[in-house]
Protein chains: 2
Amino acid sequence: MVKRKRGFRKSVPTDSTSIETANKALPDRVDEAYIVERIYSAVMEHRLPPAQKLSELKLCEAFGVGRMRVRRALLLLSDQGIVELEANRGAFVASPSPKEANEVFDARMVLEPAIARRVAIETPPEYLAMLRQHISLEDEAREYSRGADLIRLSGEFHVKVALASGNLILRRVIRELVTRSSLIVGLFGASNHMDCPDGEHSDLLCAIERGDADTTASLMFEHLRKIKDGLDLAPPRPKEGDLKDILGLR
Amino acid sequence: MVKRKRGFRKSVPTDSTSIETANKALPDRVDEAYIVERIYSAVMEHRLPPAQKLSELKLCEAFGVGRMRVRRALLLLSDQGIVELEANRGAFVASPSPKEANEVFDARMVLEPAIARRVAIETPPEYLAMLRQHISLEDEAREYSRGADLIRLSGEFHVKVALASGNLILRRVIRELVTRSSLIVGLFGASNHMDCPDGEHSDLLCAIERGDADTTASLMFEHLRKIKDGLDLAPPRPKEGDLKDILGLR
DNA sequence: ACATGAAAAGTTGTCAACAATATTGATCTA
DNA sequence: TAGATCAATATTGTTGACAACTTTTCATGT
């Protein structure tokens, strides 16, 4: 019989796939939002690969929390397309199909230029400073070849641009899409993957700073198109049930 | 004349707090998504007013479901800003503050013109037909003064425009915002509330049909601005803790 | 009559046991 | 040995009981 040990929340032994790789002290009160947040981060940093099993028990131990909290967090994540729930089989990090990948980038190419345009038109100076600082973080990560950080920062830039609109709803929408994009890049990124080509974030910010709305929107659009074109979405991977088709047994 | 697809609804007397006002046969398998869907609809039709208590027990009875399902549905709804969860007090239909209301319409005025523009540029004909048909439904509801239907249809039009992009992510984003808008209109709508001024949806569709992207985007923007201007967002209602301020006890 | 406070009732939050399903592993057969 | 069959194990899904908290009711004293 397995006895459930609940409540020890310090120095839980974690394997390489653990989402607690970057061990942080857990907050006093771990709620669903916190678990969601941590899984979000792990996905953004490519520490949680697509299709990774997310066992309830392991999550319970990792966060020192009862099963209910974990299940609620997984439900929220599945509602946002970050996690896939399979009945009686459990939760897995989502592995988007090429079709879904297309849809995500399609949505981003519609939404993000509009948001960026708005930011270019009117933005409090403190947000511009934040974006500048972020870009220097990216430069630093690139200089020291800190790949994991660069991946995360590249995504976060887009979230911060949305945040610069001052509208948390827009930030939330983009954050969801950026996180899913992180999974997509992990799956379909070609070997020469430039998640966010070098100078483009800087160019974008320049356009924003000088209030050039049209250029900003178009730079954002092209930027996203470049990322998408860098993916290898051609072969729609067969799904489970398609074996019959492949073997000509229909 | 317009053929009404799903026309008659048996008028069943129900108490005012039931979300099952429009009694439908429950599906065999009621899952979280279904409950969420029904509450969405009830909010869109202004049958569920802001701040309405959503008791777990009553929802369990209404849907013939265990408490777990209801709780999971409420969690999803709260994540989308449709419902507010207060610890140990339960779930209430959200009643957005003027600030939140501003944020919602602000987001819509950024996103929806961009989506509409995209629809104007390229849309499968079947979607255009769907939009035309929808407008005739609106006309019919207006002609027969079926207010509840008109409210719902006015919101649904915006969702369908997003759907016409062929991108379900965009549809989902807009649906969430439209539903929250429904709450906002219920709270702040002036007496002469024109949820969606008469001919504007039709004008918008015309611009879409002739592929005039710029006009489409600008019509959508102005349309939303008009709706927002029709709201009375002036007096930021005091919240709980502000009593001290009011009484000058700070 | 009013305010105060304690008990009662009702609702939500949490947990643990149980049921249902999936996965693993051992055994058997051709 | 490869494959199939079936028991053993592990994981997830569900339910009901109980704890924690809030709201209501009611008794008491001024």
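# Exercises on a predicted two-chain model with DNA

Along the sequence, the elements of chain A run α-β-α-α-β-β-α-α-α-α-α-α-α. The model is predicted. Work through the exercises in order.

## Exercise 1. The make-up of chain A

Task: State how many helices and strands chain A has, and what share of its residues is buried.

Solution.
- Step 1. Take the secondary structure. Chain A has ten helices and three strands.
- Step 2. Take burial. Chain A holds 250 residues, and 39% of them count as buried.
- Step 3. Look at the contacts in chain A with a separation of 6 or more. Residues 24 or more positions apart make up 72% of them.

## Exercise 2. Two domains

Task: Find the bounds of the domains of chain A and describe how domain 1 touches domain 2.

Solution.
- Step 1. Set the bounds. Domain 1 of chain A covers 32–93, and domain 2 covers 98–229.
- Step 2. Describe the contact. Domain 1 of chain A gives ten residues to it, and domain 2 of chain A gives eleven.
- Step 3. Sort the domain 1 side by class. Six residues are nonpolar, three are polar and one is charged.
- Step 4. Place the centres. Taken over C-alpha atoms, the centres of the two domains of chain A lie 25 Å apart.

## Exercise 3. Helix H3 of chain A

Task: Check the length of helix H3 of chain A, then say which of its residues are buried and what covers them.

Solution.
- Step 1. Compute the expected span. Helix H3 of chain A has 13 residues, numbered 67–79. The rule is 1.5 Å times one less than the number of residues. That gives 18 Å.
- Step 2. Compare with the model. The end C-alpha atoms of H3(A) are 18 Å apart, so the two values agree.
- Step 3. List the buried residues. In H3(A) they are A:Val70, A:Arg72, A:Ala73, A:Leu74, A:Leu75, A:Leu76, A:Leu77 and A:Asp79.
- Step 4. Recall a rule about helices. An α-helix has 3.6 residues a turn, so residues three or four places apart point the same way.
- Step 5. Find the cover. From chain A, the cover of the buried residues of H3(A) includes helices H1 (32–44) and H2 (56–63) and strands E1 (53–54), E2 (83–86) and E3 (90–93). From chain B, helix H3 (67–79) takes part too.
- Step 6. Look past the end. Just after H3(A), A:Gly81 has a positive phi of about 80°.

## Exercise 4. Where the chains meet

Task: Describe the contact between chain A and chain B, and explain why the copies meet through the same surface.

Solution.
- Step 1. Size the contact. On chain A, 18 residues are in contact with 18 residues of chain B.
- Step 2. Name the elements. H3, helix H4 (98–121) and H7 of chain A each supply at least two residues of the side that touches chain B.
- Step 3. Pick the main contributor. H4(A) gives the most, with nine residues.
- Step 4. Sort by class. The chain A side has twelve nonpolar, one polar and five charged residues.
- Step 5. Superpose the chains. A rotation of 180°, with 0.0 Å of shift along its axis, puts chain A on chain B with an RMSD of 0.0 Å. The two copies are therefore related as by a two-fold rotation axis.
- Step 6. Compare the two sides. Of the interface residues of chain A, 100% are also interface residues in chain B, so the copies meet through the same surface.

## Exercise 5. Around the DNA

Task: Say which residues surround DNA strand D, and which come nearest to DNA strand C.

Solution.
- Step 1. Start with strand D. From chain A, the residues around DNA strand D are A:Ser55, A:Glu56, A:Leu57, A:Leu85, A:Ala87, A:Asn88 and A:Gly90. From chain B, they are B:Gly66, B:Met68, B:Asn88 and B:Arg89.
- Step 2. Sort them. The surface near DNA strand D has four nonpolar, five polar and two charged residues.
- Step 3. Turn to strand C. Of the 13 residues around DNA strand C, the nearest are A:Gly66, A:Asn88, B:Ser55, B:Glu56 and B:Gly90.
- Step 4. Sort again. The surface near DNA strand C has four nonpolar, five polar and four charged residues.

## Exercise 6. Loop residues

Task: Place A:Ser145 and B:His46 in their loops, and decide whether each is buried, partly exposed or exposed.

Solution.
- Step 1. Place A:Ser145. It sits in the loop between helix H5 (125–143) and helix H6 (147–163) of chain A.
- Step 2. Count its neighbours. A:Ser145 has 8 other C-beta atoms within 10 Å. The limit for exposed is 12 or fewer, so A:Ser145 is exposed.
- Step 3. Place B:His46. It sits in the loop between helix H1 (32–44) and strand E1 (53–54) of chain B.
- Step 4. Count again. B:His46 has 18 C-beta neighbours inside 10 Å, so it counts as partly exposed.
- Step 5. Check phi. A:Ser145 has a positive phi near 55°, although it is not glycine. B:His46, also not glycine, has a positive phi near 60°.

Note on methods. Residues are numbered from 1 along each chain as its sequence is written. Chains are lettered from A and ligands numbered from 1 in the order in which they are written. This is a predicted model: local features need pLDDT of at least 70, side-chain atom pairs count only at pLDDT 80 or more; totals for chains, interfaces and linings use all residues. Helices (H or I, at least four residues) and strands (E, at least two) are DSSP runs, numbered from the N terminus. A residue is buried if 20 or more other C-beta atoms lie within 10 Å of its own, exposed if 12 or fewer, and partly exposed in between; C-beta atoms are placed from the backbone. Two residues are in contact if their C-beta atoms, placed from the backbone, lie within 7 Å. Domain bounds come from an automatic or database domain assignment. Ala, Val, Leu, Ile, Met, Phe, Trp, Tyr, Cys and Pro count as nonpolar, Asp, Glu, Lys and Arg as charged, and the others, Gly among them, as polar. A residue is near a molecule or strand if its C-beta atom, placed from the backbone, lies within 6 Å of it. Copies are superposed by least squares on the C-alpha atoms of residues with pLDDT of at least 70 in both.
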